[in-house]
Amino acid sequence: MNKKIMQVDVAIIGAGPAGLAAATRLRQRGVDQVVVLDREAEGGGIPRHCGHPPFGMREFYSVLTGPQYAKRLVAQAITAGVRVLTRHTITRLLKGGELEVATPDGLITIMAKRVLIATGVRETPRSARLVTGARPLGITTTGALQSMFYLKGLVPFKRPVVIGTELVAFSSIMTASNAGLEPVAMIESGSRITARHPCELLPLFKGVPLLLNTELEEILGVTKVEGVSVKNTKTGERRLIECDGVIFTGQFTPESTLARMSHLKVDPASGGLHINQFGRCSDPAYFAAGNILRPVETAGWSYREGRSVGGWIADDLERASSLIHDPEVTLICEDPIKLVVPQRIISGQSGGFTHLQLRVCRPVTGELIIENDDKTFWQKKISTLPERRILIPITDLDYFEGTKSLRVYLKE
Ligand SMILES: Cc1cc2nc3c(=O)[nH]c(=O)nc-3n(C[C@H](O)[C@H](O)[C@H](O)COP(=O)(O)OP(=O)(O)OC[C@H]3O[C@@H](n4cnc5c(N)ncnc54)[C@H](O)[C@@H]3O)c2cc1C
């Protein structure tokens, strides 16, 4: 039997805030056939299972919970004339905008003039963190816990330990509280929490001991979690904490499995797609927006990014790709700079992302420098912590015609 072929102007992979915002913008710009595809049964992305506020303040001028926000995003896109196809999983990205898609009715091919990849991020699960111990029941990530509880009303444990202190770890404490769970401890290997002050007040308020300088060594239990063994990183002292579950939080990584299996260039630093300042990937038919670009931004940021890239795709369709042959300069970051997005800039081109976005891998103080062998293009003193957004206005960088690559590094 011949495979069904669907032809569209723009296909968007991922019905989260970034994908839906881009789709709505494209329709508002008059692009005819815009389809959003998502593997889940409903659109809305991660916010569907973040059962807490605040979402949507800048987008809808209301304080919404995640599920309310997700519904508003889908409704807004459908009203604008977007086709949202759920239970559609993209299984392959091919050159020039051809997609292989698994649907409830079998495999189909989608031929799109442009494709936007907006597949978001995921937390690092236990398997990838190389934690010793057997594989007992009761180990999740925040995302898995939230979808179990908010989407299915299930809870896998009663007294879990929360590992990590990124913002999402505090979200897992809220989820635990809503689900009637009693977390026994929140563990952080560093000497301070990763999220901003005053997040540390939440565990205090909820009666959850926050253990800093504490490392998870082993998960105990054979069929079910019975406890964890932890070590104080300063004193070396070990202790056992009794618990019946472990929630691994944060350590986000872009959901770039599809891109890694494809011809598209993936940036080893960010773990996401390699883009220029218009969100364009290494194949000019493909664009990317939202948390697939880097771990991790808020829903509001992803929405605005999706909306912007949607607008640039509309420009691109109107212009029939006049920009794709313009020379680009590649930015290469060096430790402790963890990532820079976008990774390529078209020199002297106005429009697109207004800022380079950087992150560092550890607390740093020093001179942040962007240069090539001949010239320093940008330099500024910074003092910052991991997971904090650093923004550099692209217009602040000098004109760099003839330059192929620039180093982004820190002189400490
Ligand atoms: C556990 C967790 C909790 C979070 N909590 C918050 C919070 O409280 N507040 C906040 O602002 N941000 C939170 N975030 C950050 C969150 O990622 C962003 O808020 C926002 O959802 C990012 O939007 P996005 O559109 O980039 O991606 P997502 O919302 O992640 O949407 C991506 C979509 O792509 C789909 N997809 C992926 N691969 C495929 C494929 N091959 N085929 C078809 N569909 C595919 C997924 O099903 C998903 O629906 C959280 C993230 C996580 C992981």
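This passage describes the domains, the ligand shell, the nonpolar cores and some local backbone features of a predicted model. In this predicted model, local features need pLDDT of at least 70 and side-chain atom pairs count only at pLDDT 80 or more, while totals for chains, interfaces and linings use all residues. Residues are numbered from 1 along each chain as its sequence is written.

The protein is assigned domain 1 (1–122 + 252–325), domain 2 (125–250) and domain 3 (326–412); such bounds come from an automatic or database domain assignment. Taken over C-alpha atoms, the centres of domain 2 and domain 3 are 35 Å apart.

The ligand is surrounded by 36 residues, of which Gly-14, Gly-16, Gly-45, Gly-120 and Gly-290 come nearest. A residue is near a molecule or strand if its C-beta atom, placed from the backbone, lies within 6 Å of it. Two or more residues of this shell come from each of helix H1 (17–28), strand S4 (89–94), strand S7 (121–123), helix H5 (142–152), helix H6 (167–178) and helix H9 (299–319). Helices (H or I, at least four residues) and strands (E, at least two) are DSSP runs, numbered from the N terminus. Domain 1 and domain 2 each supply at least three residues to the shell. By residue type, the shell holds 15 nonpolar, 15 polar and six charged residues. Here Ala, Val, Leu, Ile, Met, Phe, Trp, Tyr, Cys and Pro count as nonpolar, Asp, Glu, Lys and Arg as charged, and the others, Gly among them, as polar.

Helix H5 has the buried residues Thr-142, Gly-143, Leu-145, Gln-146, Phe-149 and Tyr-150. With C-beta atoms placed from the backbone, a residue is buried if 20 or more other C-beta atoms lie within 10 Å of its own, exposed if 12 or fewer, and partly exposed in between. The buried residues of H5 lie on the same side of the helix, because they cover an arc of only 160° around the axis; the arc is that of the directions from the helix axis to the C-beta atoms. Their cover includes helix H3 (66–79), S7, strand S9 (139–141), H6 and strand S16 (245–248). Just after H5, Gly-153 has a positive phi of about 70°.

The largest nonpolar core comprises 69 residues, and those with the most contacts inside it are Val-10, Ala-11, Ile-12, Ala-22, Leu-116, Ile-117 and Ala-288. This core lies between domain 1 and domain 3, because both give residues to it. A second, separate core of 25 residues includes Tyr-150, Val-162, Met-186 and Cys-243. A nonpolar core is a set of buried Ala, Val, Leu, Ile, Met, Phe, Trp, Tyr and Cys residues joined through C-beta atoms within 7 Å.

Contacts of single residues were also listed; two residues are in contact if their C-beta atoms, placed from the backbone, lie within 7 Å. Beyond residues up to four places away in sequence, Val-10 touches Leu-26, Val-31, Val-34, Ala-112, Lys-113, Arg-114, Leu-116 and Ile-313. Val-31 lies in the loop between H1 and strand S2 (34–37) and is buried, because 22 other C-beta atoms lie within 10 Å. With neighbours within four places left aside, the contacts of Val-31 are Asp-9, Val-10, Leu-26, Ala-314 and Leu-317. Val-31 and Glu-318 are 287 residues apart in sequence, but their C-alpha atoms are 9.3 Å apart in space.

Val-228 is in strand S14 (residues 227–232) and is buried, with 26 other C-beta atoms within 10 Å. Apart from residues up to four places away in sequence, Val-228 touches Val-161, Leu-216, Glu-218, Ile-219, Leu-220, Ile-241, Cys-243 and Val-246.

Most residues other than glycine have a negative phi, and most peptide bonds are trans. The peptide bond from Pro-53 to Pro-54 is cis, with omega near 0°, and Pro-54 lies in the loop between S2 and helix H2 (57–60). Asp-335 and Pro-336 are also joined by a cis peptide bond, with omega about 10°; Pro-336 belongs to the loop between strand S19 (328–333) and strand S20 (337–341).

A positive phi, near 55°, is found at Arg-87, in the loop between strand S3 (83–85) and S4. Arg-87 counts as partly exposed, because 14 C-beta neighbours lie inside 10 Å. Leu-130, not a glycine, has a positive phi of about 55° and lies in the loop between helix H4 (126–129) and strand S8 (132–133). Leu-130 is exposed, with 6 other C-beta atoms within 10 Å.
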